[in-house]
Amino acid sequence: MNINEIYLQAIEKFGENSQLDMAIEEMAELIQAINKWKRNGKMITKMDNVLEEIADVEIMLDQLKLITNQAHLIEEIKQRKILRLKGKL
């Protein structure tokens, strides 16, 4: 079973709305972890929670790509934004 199959099973089992709520929750937890990390002087020992939350958010982003069924369009937009960032450097 590949990763996308696992994601699709999660979407089917829990429902799209539930996974959308979970994505919001995970992103909020990442924001909170980053703020705590910054407050603690970006200590390496405080980074663990940030790393955990990044992984959770990436998992939910992959599921959002499946839910929207627009991964190719997301990638096009991402590439356009990366080029714009490059132009600002």
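Angles between helix axes under 35 degrees count as roughly parallel, over 145 as roughly antiparallel, 65 to 115 as roughly perpendicular and the rest as oblique. The model is predicted: local features need pLDDT of at least 70, side-chain atom pairs count only at pLDDT 80 or more, and totals for chains, interfaces and linings use all residues. Residues are numbered from 1 along each chain as its sequence is written, and side-chain values use heavy atoms, with hydrogens and water left out.

**Exercise 1. Helix 1 against helix 3**

Task: Classify the packing of helix 1 and helix 3, and state which residues make the contact.

Solution.
Step 1. Two packed helices are described by the angle between their axes and the distance between the axes. Axes are lines fitted to C-alpha atoms, for helices over the stretch in contact, and angles run from 0 to 180 degrees between N-to-C directions. Helices themselves are DSSP runs (H or I, at least four residues), numbered from the N terminus.
Step 2. For helix 1 and helix 3 the angle is about 75°, and the axes are 10 Å apart.
Step 3. Helix 1 and helix 3 are therefore roughly perpendicular to each other.
Step 4. On the side of helix 1, the contact (heavy atoms within 4.5 Å) uses Asn-4, Tyr-7, Leu-8, Ala-10 and Ile-11. Helix 3 supplies Ile-59, Asp-62, Gln-63, Leu-66 and Ile-67.

**Exercise 2. Helix 1 against helix 2**

Task: Determine how helix 1 is oriented relative to helix 2.

Solution.
Step 1. The packing angle of helix 1 and helix 2 is about 110°, with an axis separation of 6 Å.
Step 2. That value makes helix 1 roughly perpendicular to helix 2.
Step 3. Ala-10, Ile-11 and Phe-14 of helix 1 meet Glu-16, Ser-18 and Gln-19 of helix 2.

**Exercise 3. The polar pair Gln-19 and Gln-63**

Task: State whether Gln-19 and Gln-63 are buried or exposed, and describe the polar contact that the side chain of Gln-63 makes with the side chain of Gln-19.

Solution.
Step 1. Gln-19 has its place in helix 2 (residues 16-39), whereas Gln-63 is found in helix 3.
Step 2. Buried means under 20% relative accessible area, exposed over 50% and partly exposed in between (1.4 Å probe, protein chains only). Gln-19 counts as buried because its relative accessibility is 6%; Gln-63, with a relative accessible area of 4%, is buried.
Step 3. The two side chains make a polar contact at 2.6 Å. Such a contact is a pair of N or O atoms within 3.5 Å; within protein, one must be able to donate a hydrogen and the other to accept it, and residues adjacent in sequence count only if both atoms are side-chain atoms.
Step 4. Leaving aside residues up to four places away in sequence, Gln-19 touches Ala-10, Ile-11, Phe-14, Met-60, Gln-63 and Ile-67. With that exclusion, Gln-63 is in contact with Tyr-7, Ala-10, Ile-11 and Gln-19.

**Exercise 4. Helix 2 and the nonpolar core**

Task: Compare the span of helix 2 with the expected span, and identify the residues of the largest nonpolar core.

Solution.
Step 1. Helix 2 has 24 residues and reaches 35 Å from its first C-alpha to its last, close to the 34 Å expected. The expected span is 1.5 Å times one less than the number of residues.
Step 2. Buried in helix 2 are Gln-19, Ala-23, Glu-26, Leu-30, Ala-33 and Trp-37, and their cover includes helix 1 and helix 3.
Step 3. A nonpolar core is a set of buried Ala, Val, Leu, Ile, Met, Phe, Trp, Tyr and Cys residues joined through side-chain atoms within 4.5 Å. The largest has 5 residues: Leu-30, Ala-33, Trp-37, Val-50 and Val-57. Helix 2 and helix 3 (47-68) are the elements that give two or more residues to this core, and helix 2 gives the largest share, 3 residues.
Step 4. Among the core residues, Val-57 touches Glu-26, Met-27 and Leu-30, not counting residues up to four places away in sequence.
Step 5. Glu-26 is buried, at a relative accessible area of 11%. With nearby sequence positions up to four places away set aside, Glu-26 touches Glu-53, Asp-56, Val-57 and Met-60.

**Exercise 5. Positive phi values**

Task: State where Asn-69 is found and what its phi is.

Solution.
Step 1. Asn-69 is found in the loop between helix 3 and helix 4 (71-88).
Step 2. Its phi is near 55°, a positive value in a residue other than glycine.
Step 3. Asn-69 is exposed, with a relative accessible area of 60%.
Step 4. Gly-41, which follows helix 2, also has a positive phi, near 70°.
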